[in-house]
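Student: I have a structure open and would like to learn how to read its features one by one. Could you walk me through it?

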Amino acid sequence: MSAEWKEFELAVTELCKAIAPDAKVTHDAMIPDIDTGSPRQRDVWIETRIGGHFSVKILVSCKNYTRKVNVQQVDAFIGELASSGANVGVIYSASGFTKDALAKTKRRGISACILLANQPPPVPNVITVEVYFLDERIHLVAQGVTGPVNWPDLLNADGEIDGKTMPAHQAIATLFSRDSPALWPALSGKVMPVRLSLITLQAAASAEAISVGVESQWVVYRARAEAWLVNGSYNFTGGDFKGSFSTPSIDTWSSDPGPGWEPIGADEIGGGSAIKLYRAVRDIAPLLAAMASGAPSVPDRTPMA
């Protein structure tokens, strides 16, 4: 790597640190390839948390070329982005981008940026990133029941897990909690995983088998986060960097995430770089215990994290 190229990468690194002072920004990072597991060099790697709660990873590629970045070079970065496991991709170019390269980055949700010293940037001051909030909801299911369902009776009936007899609501909660470790790796796939925790109630041999449990589904919301990359100019000689990052807040106590979010179908989640936030159900034991006790009303929310 030439001295000029390294200087460019370091300048981008310092700018990223200034834009997101609470983020962990690493220059020349070695990040494992998600397909091979082998470490691969990344120009700038950023890890941060939105609101101190949701983890976001950003891959920044630095192109200190004398010519504009072309569409083939953007294609190569798309492959690098996919193998890195990052949520968002950014390309910083010293000489700009061709028309097709800009069209490609826009289509794929990649931020195309020009880094200049002591000059007004010829790019918009605001870059918009799509953010998706996926909220897991659960509902009770029963199989083999004819007529109206008496949930307290079913949830208090004997169930079995690991050879131990216990009330069905405890067995279901135990089974559901065991699915949590496998949930997070599955979220990276294109199809949202549906969790079904079902147990068969103990009954007389002559009785029809009855199964009871919980099933999850995902409700999807979309918002737009805006990154103000500059205010005036990138001034590296004076060490003057200005910028901020904002995203709609998320109401963690309501069934709706709050202002700035629109409900969409799972098939409307766009491709390319985007920030995806998840709120998964954790402990359903208190909710099931309340239903088993015959509580007159059941909250429509369960503890989330």
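Student: Let me start with a single residue. Which residues does threonine 105 touch, not counting those up to four places away in sequence?

Tutor: Threonine 105 touches Val74, Ile110 and Ala112. Keep in mind as we go that this is a predicted model. Threonine 105 itself sits in helix H3, residues 99-108.

Student: Is threonine 105 buried or exposed?

Tutor: The test is the relative accessible area, and buried means under 20%. Threonine 105 has 2%, so it counts as buried. Its side chain also has a polar partner: it reaches the backbone oxygen of leucine 102 at 2.8 Å.

Student: I'd like to try that reading on serine 197. Where does serine 197 lie, and what joins its side chain to that of aspartate 179?

Tutor: Serine 197 lies in strand S9, residues 196-200. Its relative accessible area is 0%, so serine 197 is buried. A polar contact of 3.3 Å links its side chain to that of aspartate 179. Leaving aside neighbours within four places in sequence, serine 197 is in contact with several residues, including Ile172, Leu175, Phe176 and Val212.

Student: Now a helix. How do I check that the length of helix H1 agrees with its number of residues?

Tutor: Use the rise of 1.5 Å a residue: the 17 residues of H1 (residues 3-19) should span 24 Å, and because the end C-alpha atoms are 24 Å apart, the two values agree.

Student: And which residues of H1 are buried?

Tutor: First the general idea: an α-helix has 3.6 residues a turn, so residues three or four places apart point the same way. In H1, the buried residues are Phe8, Glu9, Ala11, Val12, Thr13, Leu15, Cys16 and Ile19. Try marking them on the helix in your viewer.

Student: On to strands. What is the order of the strands in the open sheet?

Tutor: The open sheet has five strands in the order S1-S2-S3-S4-S5, and the pairing is mixed. Its edge strands are S1 (24-32) and S5 (111-114), each of which pairs on one side only. From one strand to the next, the twist averages 35°.

Student: How many bridges join S1 to S2, and how many join S2 to S3?

Tutor: Eight bridges join S1 to S2, and these strands run antiparallel. Seven join S2 (residues 39-50) to S3 (residues 54-63), also an antiparallel pair. You can follow individual partners across the sheet: isoleucine 31 stands opposite arginine 40 in S2, valine 44 has valine 60 in S3 as its bridge partner, and isoleucine 46 stands opposite isoleucine 58 in S3.

Student: What should I keep in mind about side chains along a strand?

Tutor: In a regular strand the side chains alternate between the two faces of the sheet.

Student: I also see backbone angles listed. Which residues have a positive phi without being a glycine?

Tutor: Aspartate 28 is one of them, with phi near 55°. Aspartate 28 is in strand S1 and, at 38% relative accessibility, counts as partly exposed. Aspartate 162 also has a positive phi, of about 55°. Aspartate 162 sits in the loop between strand S7 (158-161) and strand S8 (164-167), and its relative accessible area of 56% makes it exposed. For a glycine case, look at the hairpin of S1 and S2, with six residues between the strands: there glycine 37 takes a positive phi near 80°.

Student: Let's finish with the interior. Which residues have the most contacts inside the largest nonpolar core?

Tutor: The general idea is that in soluble globular proteins, nonpolar side chains tend to be buried together. Here the largest nonpolar core has 30 residues, and those with the most contacts inside it are Val12, Ile46, Val60, Tyr92, Trp261, Ile275 and Leu277. Elements that give two or more residues to this core include H1, S2, S3 and strand S13 (275-279). H1 provides the largest share, six residues. There is also a second, separate core of 19 residues, with Leu155, Ile161, Met166 and Ile284 among them.

Student: And for the whole chain, what share of the residues is buried?

Tutor: Buried residues make up 41% of the 305 in the chain, which has seven helices and 13 strands. Of the contacts between residues at least 6 apart in sequence, 64% join residues at least 24 apart.

Key
Residues numbered from 1 in each chain as written. Predicted model: local features only at pLDDT ≥ 70, side-chain atom pairs only at ≥ 80, totals over all residues. Heavy atoms only, no water. Helix = DSSP H or I, 4+ residues; strand = E, 2+ residues; numbered from the N terminus. Expected span 1.5 Å × (residues − 1). Buried < 20%, exposed > 50% of the residue type's maximum accessible area, 1.4 Å probe, protein only. Pairing = 2+ DSSP bridges. Axes fitted to C-alpha atoms, helices over the stretch in contact; angles between N-to-C directions. Polar contact = N/O pair within 3.5 Å; in protein donor to acceptor, adjacent residues only side chain to side chain. Contact = heavy atoms within 4.5 Å. Core = buried A, V, L, I, M, F, W, Y, C linked by side-chain atoms within 4.5 Å.
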